[in-house]
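Here is a set of short exercises to work through at your own pace. Have the viewer open, try each task, and then compare your steps with the worked solution.

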Amino acid sequence: MMLQMTGVHAHYGHVHALRGIDLSVQVGEVVTLIGANGAGKSTLMTSLFGAPRCSSGQIIFDGEDITRLPTHQISHRGIALVPEGRRIYPRMTILENLQMGVSYADPSNFEVDLKRMEALFPILESRRHQAAGTLSGGEQQMLAIARALMSRPKLLLLDEPSLGLAPLYIRKVFEIIQELNRDYGMTILLVEQNANHALKVAHRAYVLQHGEIVLSGTGQELLSDPAVRAAYLDGG
Ligand code: ATP
């Protein structure tokens with residue numbers, strides 16, 4: 001088991017954003033989390049890093065209880081987040097952005113990892129010394145994913161990676177997710193509003209509503225579930 005959340009609650013002041021989350025991710029899985037705006041998807045992702053801190057419940061990552069660890073120690077344990085909105089550094093070059101992703105614990109793999117990322121995302125090599133803010137939205141998303149991978153995570157968290165992208169890049173994002181999982185064995189937890197694509201690439205999936213998991217199953221099961229179709233797929 002890579003990740004196990006048990007009975008996780010989290011609050012922002014008086015807002016009770018997560019209400020007893022039970023969720024697991026096995027080694028080598030792509031797990032998708034879908035839900036409407038405000039359901040708590042981003043909160044679930046960031047609660048893994050202690051912001052907001054889990055007020056009760058437990059988070060086990062790779063056999064270790066990380067519930068009360070500070071954020072930097074959690075990222076050193078091997079979780080990397082590609083946040084909603086990408087958050088690349090627009091004035092820095094692409095190379096500098098990638099350097100920011102390197103694990104402080106072990107920077108010795110930089111050259112090897114840079115080559116791997118540039119092979120995976122060729123656009124990053126040809127634009128290496130260009131300011132990251134000059135990339136298109138889709139290219140910036142590729143950079144954000146590459147930056148997260150530079151820390152050699154065991155678990156990659158992707159928060160709405162297809163949001164706001166042109167159709168070509170939406171396809172590309174889901175291809176990359178499948179490639180990372182299939183060819184590199186990357187374990188991925190994916191949050192998406194683009195439920196159709198996200199369920200197709202998922203081994204398993206969860207539906208989050210008002211801070212609670214209301215449904216779970218294989219990606220295929222959820223794709224054919226009438227309630228999921230009505231709420232998230234058929235134009236919903
Ligand atoms: P979206 O798809 O719109 O990003 P989401 O499913 O990711 O939505 P969250 O952003 O996790 O949902 O929000 C869950 C709940 O917590 C919402 O009611 C939201 O208003 C509230 N919330 C989120 N961030 C904060 C914050 N920093 N302070 C107070 N309340 C917050």
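A polar contact is a pair of N or O atoms within 3.5 Å; within protein, one must be able to donate a hydrogen and the other to accept it, and residues adjacent in sequence count only if both atoms are side-chain atoms. Please keep in mind that this is a predicted model, in which local features need pLDDT of at least 70, side-chain atom pairs count only at pLDDT 80 or more, and totals for chains, interfaces and linings use all residues. Residues are numbered from 1 along each chain as its sequence is written, and side-chain values use heavy atoms, with hydrogens and water left out.

**Exercise 1. Find the polar contacts of the ligand.**
Task: Which atoms of Gly40, Lys41 and Thr43 lie close to a ligand oxygen, and at what distance?

Solution.
- Step 1: start with Lys41, where a polar side-chain atom is 2.8 Å from an oxygen atom of the ligand.
- Step 2: go on to Thr43, which places a polar side-chain atom 2.5 Å from a ligand oxygen.
- Step 3: at Gly40 the partner is a backbone N or O atom, 2.9 Å from an oxygen atom of the ligand.
- Step 4: look at the ligand's surface, of which 630 Å² is exposed when the ligand is taken alone; the protein buries 60% of that. These areas come from the Shrake-Rupley method with a 1.4 Å probe; for residues, only the protein chains shown count as cover.

**Exercise 2. Describe the shell around the ligand.**
Task: How many residues surround the ligand, and which elements supply at least two of them?

Solution.
- Step 1: count the residues near the ligand, meaning those with a heavy atom within 4 Å of it. There are 14, and the closest are Gly38, Gly40, Lys41, Ser42 and Thr43.
- Step 2: assign elements, where helices (H or I, at least four residues) and strands (E, at least two) are DSSP runs numbered from the N terminus. Strand S2 (15-25) and helix H1 (41-47) each give at least two residues to the shell. H1 has the largest share, with three residues.
- Step 3: sort by class, taking Ala, Val, Leu, Ile, Met, Phe, Trp, Tyr, Cys and Pro as nonpolar, Asp, Glu, Lys and Arg as charged, and the others, Gly among them, as polar. The shell then holds five nonpolar, six polar and three charged residues.

**Exercise 3. Inspect unusual backbone angles.**
Task: Where are Arg87 and His210 found, and are they buried or exposed?

Solution.
- Step 1: fix the cut-offs, with buried under 20% relative accessible area, exposed over 50% and partly exposed in between (1.4 Å probe, protein chains only).
- Step 2: Arg87 is not a glycine, yet has a positive phi of about 50°. Its loop runs between strand S6 (79-82) and helix H3 (94-100), and Arg87 is exposed because its relative accessibility is 57%.
- Step 3: His210, also not a glycine, has a positive phi of about 45°. This residue is in the loop between strand S9 (204-209) and strand S10 (212-218). With a relative accessible area of 61%, His210 is exposed.
- Step 4: add the cis peptide bond from Ala51 to Pro52, with omega near 5°. Pro52 belongs to the loop between H1 and strand S4 (54-61).

**Exercise 4. Compare sequence and space.**
Task: How far apart in space are the C-alpha atoms of Ala146 and Leu114, of Leu158 and Ile145, and of His197 and Phe174?

Solution.
- Step 1: Ala146, in helix H6 (residues 137-149), counts as buried because its relative accessible area is 0%. Ala146 and Leu114 are 32 residues apart in sequence, with 8.9 Å between their C-alpha atoms.
- Step 2: Leu158 is part of strand S7 (residues 155-159) and, at 1% relative accessibility, is buried. From Leu158 to Ile145, 13 residues away in sequence, the C-alpha distance is 8.1 Å.
- Step 3: His197 lies in helix H8 (residues 195-200) and is partly exposed, at 31%. His197 and Phe174 are 23 residues apart in sequence, and 7.1 Å separates their C-alpha atoms.

Notes:
A residue is near a molecule or strand if one of its heavy atoms lies within 4 Å of it.
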